[in-house]
Amino acid sequence: MTGPYGYPAQQPGPAYGYPAPQARPSGATAIIAAVLGLVGALASGFIPIRYFIELPSGFSLSNLPGFALVELVLYLLAALFLLMGALTTFFRSLIGAILLILGSLLAIVAVVLEPIAFRVPYRIHLDFLLRFATFDGVLRLAMVVFGLLALLLAVLPPTFRYLRWRPAPVQPYRPQNQSPQQGGW
């Protein structure tokens, strides 16, 4: 590239007194993980809310077995961690990826432990999930799929590189090989 009068154009860089520009990492994996985490948070939060709304009158949470309460708490914690992780990832905070990882793991564990909590054989539970017969089955399958995808994208090195990257502060211009002048009185 030539400048005026056919001379080579001067590019900013270390030879001309400017620091070399740093390449900004791509945030595609972080943003996709955050969007998937947001969808997983919606799916994970809907299940316990639906159970709370559909409780018959005269029936309280204390009447549920202990494992069922643990299961509902796991769903709520997964929804909370996924939501907070997605929002903080959108604001480029490193803790967002960590919260996405924890929320995804909680969502997957909640779906896997559900047959134990409600004393249902795994064969029936998998048939319930994979048949797409009910909306709850679709939600649980979405939690597992979006949780796995968000987990895989959140642990990738480009995600952490994007979330850790901060631009270098702009240095004042000073010609090379010239020391700063000391002020006197």
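In this predicted model, the side chain of Glu 114 sits 2.8 Å from that of Tyr 75, and the two make a polar contact. Glu 114 belongs to helix α3, which runs over residues 94–117. With a relative accessible area of just 6%, Glu 114 falls under the 20% cut-off and so counts as buried. Setting aside residues up to four places away in sequence, the list of residues that Glu 114 touches reads Tyr 51, Glu 71, Tyr 75, His 125 and Arg 140. Tyr 75 therefore turns up both as a polar partner and in the contact list of this buried glutamate.

Arg 140, another name on that list, brings in a charged pairing. A search through the whole structure turns up 1 salt bridge, and the side chains of Arg 140 and Glu 114 are the ones that meet in a salt bridge, at 2.6 Å from N to O. The pair ties together distant parts of the chain, with Arg 140 in helix α5 and Glu 114 in helix α3, 26 residues apart. Is the arginine end of this bridge buried or exposed? Arg 140 has a relative accessible area of 2%, so it is buried. Glu 114, at 6%, is buried as well.

Helix α3 also holds Ala 110. This alanine is buried, as its relative accessible area is 0%. Once neighbours within four places in sequence are left aside, Ala 110 is in contact with Glu 71, Leu 74 and Tyr 75. Glu 71 and Tyr 75 are familiar by now, since Glu 114 touches them too. For Ala 110 and Glu 71, the C-alpha atoms are separated by 6.1 Å, although the two residues lie 39 residues apart along the chain.

Aromatic rings give another link of this kind. The count of aromatic pairs comes to 1. It is formed by Phe 46 and Phe 135, whose ring centres are 5.6 Å apart and whose planes stand at 85 degrees, so the pair is edge-to-face. Distant parts of the chain are joined here too: Phe 46 is in helix α1 (residues 28–53) and Phe 135 in helix α5 (residues 135–154), with their positions 89 residues apart. How accessible are these two rings' residues, then? Phe 46 has a relative accessible area of 36% and is partly exposed. Phe 135 comes out at 48%, which also makes it partly exposed. Helix α5 thus supplies Phe 135 to the aromatic pair and Arg 140 to the salt bridge.

One more side-chain arrangement involves a ring and a charge. Arg 92 lies over the face of Tyr 162, at 4.5 Å from the ring centre.

As for the chain as a whole, there are 6 helices and 0 strands, so to speak a plain α-α-α-α-α-α pattern when read along the sequence. Of its 185 residues, 34% count as buried; Glu 114, Arg 140 and Ala 110 are among the buried ones. Among contacts with a separation of 6 or more, 70% come from residues 24 or more positions apart. The salt bridge, spanning 26 residues, and the aromatic pair, spanning 89, both link distant parts of the chain. The accessible surface of the chain totals about 12,000 Å², with carbon and sulfur atoms making up 71% of it.

Conventions
Residues numbered from 1 in each chain as written. Predicted model: local features only at pLDDT ≥ 70, side-chain atom pairs only at ≥ 80, totals over all residues. Heavy atoms only, no water. Phe/Tyr/Trp six-rings, centres within 6.5 Å; stacked < 30°, edge-to-face > 60°. Helix = DSSP H or I, 4+ residues; strand = E, 2+ residues; numbered from the N terminus. Buried < 20%, exposed > 50% of the residue type's maximum accessible area, 1.4 Å probe, protein only. Lys NZ or Arg CZ within 6 Å of the ring centre and 35° of its normal. Polar contact = N/O pair within 3.5 Å; in protein donor to acceptor, adjacent residues only side chain to side chain. Contact = heavy atoms within 4.5 Å. Salt bridge = Lys/Arg side-chain N within 4 Å of Asp/Glu carboxyl O. Areas by Shrake-Rupley, 256 points an atom, 1.4 Å probe, with all protein chains shown as cover.
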